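Please read the following account with the sequence and the coordinates open side by side. It moves from one helix to the packing around it, and then to the empty spaces.

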Amino acid sequence: MTNLVSKCGIDCGACPWGPFPRQDMTAEEFEQYRNNGKKILGYMPIKTPCATCQTPDERIPKTSKLPSRKCLIRQCVDKTGVANCAYCSRFPCDTLKETAGAWNRESIEAKLGASISEDDYHSFVEPFEGLNRLEVIHASLKPDEIVEPAKVPTSKTRIVEFPDNLSFKENMVSFKAVHNLLVTLENSSLGLQDTDTFAQQHKLGKQKAHILRFLWIFGNYGKFEKENSTHFVVDAETYYANRGKEKTLAIWSFVEDVVFKVLVNFGVCCERVALKGVKTEDLATGTGYLRKKGWFMRMSFEEKIGSTATLKALQTYANNLDKKYASRAFQRFREADMTILLDT
């Protein structure tokens, strides 16, 4: 059975950088098309056609921007050895639902707060409704056509055991609580399913990096809002400047729906607070990115992980790492390497 659709179900010739216009458009027509696309999708389509994600890497022209060789779904399908996601026994996985499943008329109209015309739907939205196409294919397959995906080994960061020969006893419980928090996060599945598959394993690794970077920002740059306060605050500018490689921390929906919701399960409570006189709707751009001013982040620890004492220990630990290791400090933080305490 042959299904000439892309690996994630998006129409060949359309992709998250598309959709692609007719190649015979005049410059004026193309500019109008780009502007219409931006109004609906939030970005401007490009004119260069996609070589399609069914094309092997070695046959993609070096000058071709699409398909993306880094596309997570494309890589996962290649490793599984199927034509597209519909043939996978884990279909539809969370990775697919968050990409192909996020593009449909309902979600776009909800984002715009208005209905779109039939012409605009067919030009800019329908090509992306990949999950619908894959569901039709999946339903048509016989049991022996559905493939179990190749499993990948769990990727783990090296964890350093808590030093048991410290010269001080004061705040030992709090430092151990910080160590336990970091280790528990690093060893957790963060609630993700199918983490033995390539796409979900990759997603898990990225989420851990972002969540631990978020903790690092608060540990190294957080300040108590006032005397006897039980929480740290980080202003927008400081937060933005110290995201490191975890740039997705600028996307508010990711912070709110992933970072905040994961951390609260571990006893870490976070919120974004608007500055006085700033409206909530003005804290992010139309495309969902946090603005660099007008808000601050607040973090507190629940009693079950030591409350304020553990928060202070996190600050001491992160500050010491940063002072000694600078650009290498975050990696030590991810490894829960608290041997720095031996120097105190």
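**From a buried helix to the spaces between elements**

In this predicted model, helix 7 has a long list of buried residues, namely Met 172, Ser 174, Phe 175, Val 178, His 179, Leu 181, Leu 182, Val 183, Leu 185 and Glu 186. An α-helix has 3.6 residues a turn, so residues three or four places apart point the same way. The length of helix 7 can be checked against its residue count: because each residue should add 1.5 Å, the 16 residues from 172 to 187 are expected to span 22 Å, and the C-alpha atoms at the two ends are indeed 22 Å apart.

What do the buried residues of helix 7 pack against? Their partners are helix 8 (198–221), helix 10 (252–264), helix 11 (307–325) and helix 12 (329–334), together with strand 3 (268–274) and strand 4 (295–301).

In soluble globular proteins, nonpolar side chains tend to be buried together. Here the largest nonpolar core comprises 58 residues, and the members that touch the most other members are Leu 185, Phe 214, Leu 215 and Tyr 239; Leu 185 is also listed among the buried residues of helix 7. Leaving aside residues up to four places away in sequence, Tyr 239 touches Phe 214, Ile 217, Val 234, Leu 249, Val 255, Leu 290, Trp 295 and Met 297. Separate from this, a second core of 15 residues includes Val 82, Cys 85, Ala 86 and Ile 137.

Cys 85 appears again in the lining of a cavity. The structure holds 1 cavity of 30 Å³ or more, and the volume of the largest cavity is about 170 Å³. Of its 16 lining residues, Cys 76, Cys 85, Cys 88, Cys 93 and Ala 199 are the closest to the centre. Helix 2 (72–80) and helix 3 (94–99) are the elements that give two or more residues to this lining, with helix 2 giving the most, 4 residues. By class, the lining of the largest cavity contains 11 nonpolar, 3 polar and 2 charged residues.

The second largest pocket, with about 220 Å³ of space, is lined by Thr 157, Gly 205, Lys 206, Ala 209, His 210, Arg 213, Lys 245, Glu 246, Phe 330, Gln 331 and Arg 334. Helix 8 and helix 12, both of which pack against the buried residues of helix 7, each supply at least two residues of this lining, and helix 8 gives the most, with 5 residues. The lining of the second largest pocket divides into 2 nonpolar, 4 polar and 5 charged residues.

Key. Residues are numbered from 1 along each chain as its sequence is written. This is a predicted model: local features need pLDDT of at least 70, side-chain atom pairs count only at pLDDT 80 or more; totals for chains, interfaces and linings use all residues. Side-chain values use heavy atoms; hydrogens and water are left out. The expected span of a helix is 1.5 Å times one less than its number of residues. Buried means under 20% relative accessible area, exposed over 50%, partly exposed in between (1.4 Å probe, protein chains only). Contact means heavy atoms within 4.5 Å. A nonpolar core is a set of buried Ala, Val, Leu, Ile, Met, Phe, Trp, Tyr and Cys residues joined through side-chain atoms within 4.5 Å. On a 1 Å grid over the protein atoms alone, a cavity is a set of points where a 1.4 Å probe fits but cannot get out, and a pocket is an open set with protein on both sides within 12 Å along at least five of seven lines; lining residues have an atom within 4 Å of a point. Grid points are joined across faces, edges and corners, and a volume is the space filled by probe spheres set on the points. Ala, Val, Leu, Ile, Met, Phe, Trp, Tyr, Cys and Pro count as nonpolar, Asp, Glu, Lys and Arg as charged, and the others, Gly among them, as polar.
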